[in-house]
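Biologist: I would like to go through some labels with you and hear the reasoning behind each one. Could you show me the model to begin?

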Amino acid sequence: MDIAGNPSSPLYGVGAEFASAVDLVRVAKELRAAGYESFDVFSPFPIHGMDKAVQSRRSPLGRIVFIGGLTGFLAAVALQYIPSAVIYPLIVHGKPFGFFAIPAYFPILFETTVLFSAFTAFIGLLMMIGLPRFNHPLFNWDRFKGVSADGFFAVIESRDPKFSKDETGRFLESLGGSNVTVIHED
Amino acid sequence: MSLRPDQKFDYRHVGYGFLAACALSALAFFGLLIGAILDVRQFAFSYLFAFVFFFTISLGALFWVIVHHAVDAEWSVVMRRQLENSACLFSALAVLFIPLVFVAPDLWAWMDPANAGNPVLQEKAAYLNRPFFWGRTLVYFAVFIGSAYLLRAYSVAQDASGSVRCTIYNRRVAFASIVPLALCVTFAAVDWLMSLDWHWFSTIWGVYLFAGAALSSLCVLVLVVTALRSVGYFKGLITEEHYHILGKLLLAFTIFWAYIGFSQYMLIWYANIPEETSYFILRNTGSWNVLSILLVVGHFVVPFLLLLPSLGKRRPGFLCGVAGWILAMHLLDVYLMVLPELHRTGFRPSILDLLAVLAIGSTLVAVFLKALGDSALYPIRDPRLQQSIDLQN
């Protein structure tokens with residue numbers, strides 16, 4: 001097995017190269033069937049049916065965004081209702097105050113909900129995928145540069161409970177992988 | 001050329017349904033005639049309410065056909081014929097409009113010579129006068145019928161010839177129809193509905209009617225497609241992927257309707273100008289207010305919450321339930337546009353409301369059934385048919 005990256009740094013995972021998109025879908029299914037959880041596949045273009053083959057778990061981002069949106073909504077409720085009903089209960093333009101001024105609240109309720117949701121989605125996504133970062137261990141692997149041109153790769157990460165360097169490498173080889181490489185961090 | 005049995009609608013699936021629809025239509029029209037003799041104003045308003053409800057469904061269907069051709073949509077090809085069939089109901093709707101011509105002064109009070117001296121009306125007389133009004137109505141129907149007829153004719157011609165040229169012609173018709181359609185919808189909404197109270201105006205009114213039209217025609221599409229599937233058509237053609245897209249569009253247009261409705265309400269509420277607020281004061285008083293609140297909850301909150309999770313959108317049964325509910329709410333929406341102008345003191349249901357819906361509805365069902373068997377159930381030789389069947393989302 002080849003080695004990429006700095007061998008004295010922690011292990012990132014084991015990767016292998018495959019011949020085609022069809023191969024890669026089959027490999028993803030096999031990896032899932034073998035019980036691996038922390039693996040990923042890489043290709044120069046989106047592959048139909050890959051989502052089902054990988055069966056990635058549902059991202060928790062949706063729930064996080066819901067909490068963000070709810071925060072924005074409740075903040076707008078508080079910032080509008082409390083001044084209008086409690087602090088300054090004034091009649092302006094012949095309009096009622098407090099709860100009955102609710103048509104005037106909606107645009108702001110909507111905007112803050114969207115704003116907080118968007119921020120939560122953007123920042124939450126960046127945090128979950130670990131960006132920004134200077135380098136990724138995968139880029140220590142020279143052959144991986146082909147991923148944006150003609151390479152199809154599968155990588156099993158070392159944090160997977162089933163991971164063992166030799167056995168995982170052999171497994172990838174048995175699935176038809178070439179250039180099986182142990183990838184270290186820099 | 002002959003169609004395979006799975007491509008052609010077989011009338012044995014509806015049994016005597018076609019005759020029943022014709023008979024029901026005749027009976028309901030007879031009832032309406034008696035009603036019109038007894039109380040012509042009630043008849044006029046009830047009939048306009050029912051007419052506008054079905055008009056919006058055809059209008060929405062035409063809009064979807066045009067949009068699908070204009071943006072070269074792929075997913076919709078397999079169910080486009082059903083939209084074309086609904087859009088072609090416009091020729092029947094033009095005939096069904098005729099009774100309104102006879103009761104026009106009872107319906108549109110600005111036509112009544114007794115109101116001719118009104119200073120507001122005199123200011124608006126350049127637009128609100130009879131020759132111009134009827135001329136515009138003719139133009140609306142010419143545009144709607146012409147566009148719907150051409151789009152369906154080329155599509156049906158393609159079934160026989162398989163020529164790609166038909167797709168290109170349809171794209172041209174669609175592009176040419178976009179602006180006239182938008183103008184006709186806006187002015188039809190102004191002429192037929194807004195002018196019921198000639199004092200009142202709202203610049204977003206046409207968009208509001210259109211929002212309900214686009215939504216309710218999708219609901220009808222869901223129901224028609226599911227009904228055809230339940231008797232064995234579209235096997236392996238329309239899958240849960242198509243339902244998922246329809247569900248997403250239903251959600252989007254539920255939100256769009258609420259957005260437009262709220263935009264109209266909020267601006268009028270905020271500006272608080274008497275000639276604008278009259279519309280909502282009438283509808284937010286007494287028993288009309290109960291129905292208005294029901295409309296907000298039923299037309300927006302309920303479908304929004306039901307359609308938000310991805311779970312139900314892939315289930316035909318669930319989606320049909322939601323579609324039926326939204327259609328009922330759209331009926332209420334149109335009811336609240338028309339009837340408060342007649343019963344200004346509060347909600348007063350009339351048997352003529354029901355009869356008018358039954359009369360126009362059963363007539364259109366019969367015409368639709370006729371169109372259903374006239375051609376294939378889907379564009380069988382559309383070049384993009386296979387992509388539409390293979391839809392993934």
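**Labels and the values behind them**

Modeller: Gladly, and please keep in mind that this is a predicted model. At the start of α9(B), a side-chain oxygen of Ser163(B) comes to within 3.0 Å of the backbone nitrogen of Arg165(B).

Biologist: What makes the approach of Ser163(B) to Arg165(B) a polar contact?

Modeller: The cut-off for an N or O pair is 3.5 Å, and the oxygen of Ser163(B) lies within 3.0 Å of the nitrogen of Arg165(B). The pair therefore counts as a polar contact.

Biologist: How do you know what span to expect for α9(B)?

Modeller: Helix α9 of chain B, residues 164-193, has 30 residues. The expected span is 1.5 Å times one less than that number, so 44 Å is expected. From first C-alpha to last, α9(B) reaches 41 Å, which is close to that value.

Biologist: Where does α9(B) bend?

Modeller: At Ser177(B), by about 40°. A proline, Pro180(B), follows within four residues.

Biologist: Now to the rings. Why is the pair of Phe29(B) and Tyr47(B) called tilted?

Modeller: A search of the whole structure gives 53 aromatic pairs over all chains. In the pair of Phe29(B) and Tyr47(B), the planes are 50° apart and the centres 6.5 Å. Stacked needs under 30 degrees and edge-to-face over 60, so 50° is tilted. Phe29(B) lies in helix α1 (residues 17-38) of chain B and Tyr47(B) in helix α2 (residues 40-70) of chain B, so the pair ties together parts 18 residues apart in sequence.

Biologist: Are these two rings buried or exposed, or in between?

Modeller: Buried means under 20%. Tyr47(B), at 1% relative accessibility, is therefore buried, while Phe29(B), at 25%, counts as partly exposed.

Biologist: And what makes the pair of Trp269(B) and Tyr270(B) tilted?

Modeller: Their planes stand at 55° with the ring centres 5.9 Å apart, so that pair is tilted. Trp269(B) is buried at 16%, and Tyr270(B) is partly exposed at 45%.

Biologist: How do you know that the charged end of Arg136(B) sits over the ring of Tyr127(B)?

Modeller: The distance limit is 6 Å from the ring centre, and the direction must be within 35 degrees of the ring normal. Arg136(B) is assigned over the ring of Tyr127(B), at 3.6 Å from its centre. In chain A, Lys162(A) lies over the face of Tyr36(A), 5.2 Å from the ring centre.

Terms used
Residues are numbered from 1 along each chain as its sequence is written. Chains are lettered from A and ligands numbered from 1 in the order in which they are written. This is a predicted model: local features need pLDDT of at least 70, side-chain atom pairs count only at pLDDT 80 or more; totals for chains, interfaces and linings use all residues. Side-chain values use heavy atoms; hydrogens and water are left out. Helices (H or I, at least four residues) and strands (E, at least two) are DSSP runs, numbered from the N terminus. The bend at a residue is the angle between axes fitted to the seven residues ending there and the seven starting there. A polar contact is a pair of N or O atoms within 3.5 Å; within protein, one must be able to donate a hydrogen and the other to accept it, and residues adjacent in sequence count only if both atoms are side-chain atoms. Rings of Phe, Tyr and Trp (its six-membered ring) pair if their centres lie within 6.5 Å; planes under 30 degrees apart count as stacked, over 60 as edge-to-face and the rest as tilted. Buried means under 20% relative accessible area, exposed over 50%, partly exposed in between (1.4 Å probe, protein chains only).
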